[in-house]
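Student: Could you go through this structure with me, one question at a time?
Tutor: Yes; ask about whatever you like, and each answer will be worked out step by step.

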Amino acid sequence: MIKNLFIENLGVYSKSAEVVCLDGVDSTNSYIKRRMGESLIVTANEQSGGRGQRGRSFFSPRGGVYVSFTCRPVRPLNECLHYTALAGLGVWDAIYSSCGLRCRIKRPNDLLYNGKKICGILTESQVLADGPFIVFGVGVNVTNALPPDVPWAGRLADFAPPPAPETLAAAIVRNTLELITLAHTHKEQLMSRYDELCDKNARYE
């Protein structure tokens, strides 16, 4: 990840958060949680302890895109339950704009292409003294090796020319935060679009 190029692609969002580009880390989400309360955008070239939903591990070798970022909503946390879905839409748009693939979403947080899991999203939250604090963690398989014991895993490079990591990671952050703002006035339309993109029959075999 070339930091200057990543910051350039983030646009205005690089002004409102500290941007941290690491070579390696246990988990980008865990890094942010160790600095709880700070506005951060964190990437890593690899994770030694990537995490998924329900405590599962997320295989994160070099060649993937691993990015976590924060959100400080002004509304109560129980009114932000749709934010994971908005992150799914943000990642969908980022993948489509960067390499042309039209993924499907496996509720609530996986993106699939051709039946293969391309991306996982982990949303974590906590209520601090000054309000809710949300961390979005996104891992996208791009050119990285895949776990040999997970036959449903896939990567972008198997289906399309792989995008530059700086472009894809920045688009994920920008799109998600823009959709959260848009949802203040267009939540119903956005959730309808999310439902249309969901594959209700998706199963991992």
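Student: Where along the chain is tyrosine 13 found, and is tyrosine 13 buried or exposed?
Tutor: In this predicted model, tyrosine 13 belongs to the loop between α1 and β1 (18-25). A residue counts as buried when its relative accessible area is under 20%. Tyrosine 13 has a relative accessible area of 18%, so this loop residue is buried.

Student: Which residues does tyrosine 13 touch, not counting residues up to four places away in sequence?
Tutor: One partner can be introduced through its place in the chain, since isoleucine 41 is 28 residues apart from tyrosine 13, with 9.1 Å separating their C-alpha atoms. Contact is judged on heavy atoms within 4.5 Å, and by that rule the residues that tyrosine 13 touches are Ile41, Arg174, Leu177 and Glu178.

Student: Is asparagine 175 buried or exposed, and with which residues is asparagine 175 in contact, leaving aside its neighbours within four places in sequence?
Tutor: Asparagine 175 is part of helix α4, and its relative accessibility is 13%, so asparagine 175 counts as buried. Leucine 89 is 86 residues apart from asparagine 175 in sequence, while the two C-alpha atoms are 8.0 Å apart in space. Leaving aside the neighbours within four places in sequence, the contacts of asparagine 175 are Gly90, Asp93 and Ala94.

Student: Which element gives the most residues to the largest nonpolar core?
Tutor: In soluble globular proteins, nonpolar side chains tend to be buried together. Here the largest nonpolar core has 49 residues, and Ile95 and Val140 have the most contacts inside it. Two or more residues come from each of α1 (3-10), β3 (65-71), α3 (83-99), β6 (116-128), β7 (131-140) and α4 (165-197). With 13 residues, the element that gives the most to this core is α4.

Student: How many residues are in the other core, which lies apart from the largest one?
Tutor: This other core includes Val20, Val42, Ala44 and Val135. Those names are part of a longer list, for the number of residues in this core is 10.

Student: What is the radius of gyration of the chain, and what would be expected for a compact globule?
Tutor: The chain has 4 helices and 7 strands, and its C-alpha atoms fill a box of roughly 45 × 40 × 30 Å along the principal axes. A compact globule with 205 residues would have a radius of gyration near 17 Å, which agrees with the value for the chain, 16 Å.

Student: Which residues does the cis peptide bond join?
Tutor: Most peptide bonds are trans, so a cis bond is worth pointing out. This one has an omega of about -5 degrees, and its proline lies in the loop between β4 (104-106) and β5 (110-113). The residues joined by the cis bond are arginine 107 and proline 108.

Student: What is the phi of asparagine 114, and is this residue buried or exposed?
Tutor: Asparagine 114 is placed in the loop between β5 and β6, and its phi is near 55 degrees, a positive value in a residue other than glycine. Most residues other than glycine have a negative phi. A residue counts as exposed over 50% relative accessible area, and asparagine 114 has 64%, so this residue is exposed.

How values were computed: Residues numbered from 1 in each chain as written. Predicted model: local features only at pLDDT ≥ 70, side-chain atom pairs only at ≥ 80, totals over all residues. Heavy atoms only, no water. Core = buried A, V, L, I, M, F, W, Y, C linked by side-chain atoms within 4.5 Å. Buried < 20%, exposed > 50% of the residue type's maximum accessible area, 1.4 Å probe, protein only. Rg over C-alpha atoms; globule rule 2.2 N^0.38 Å.
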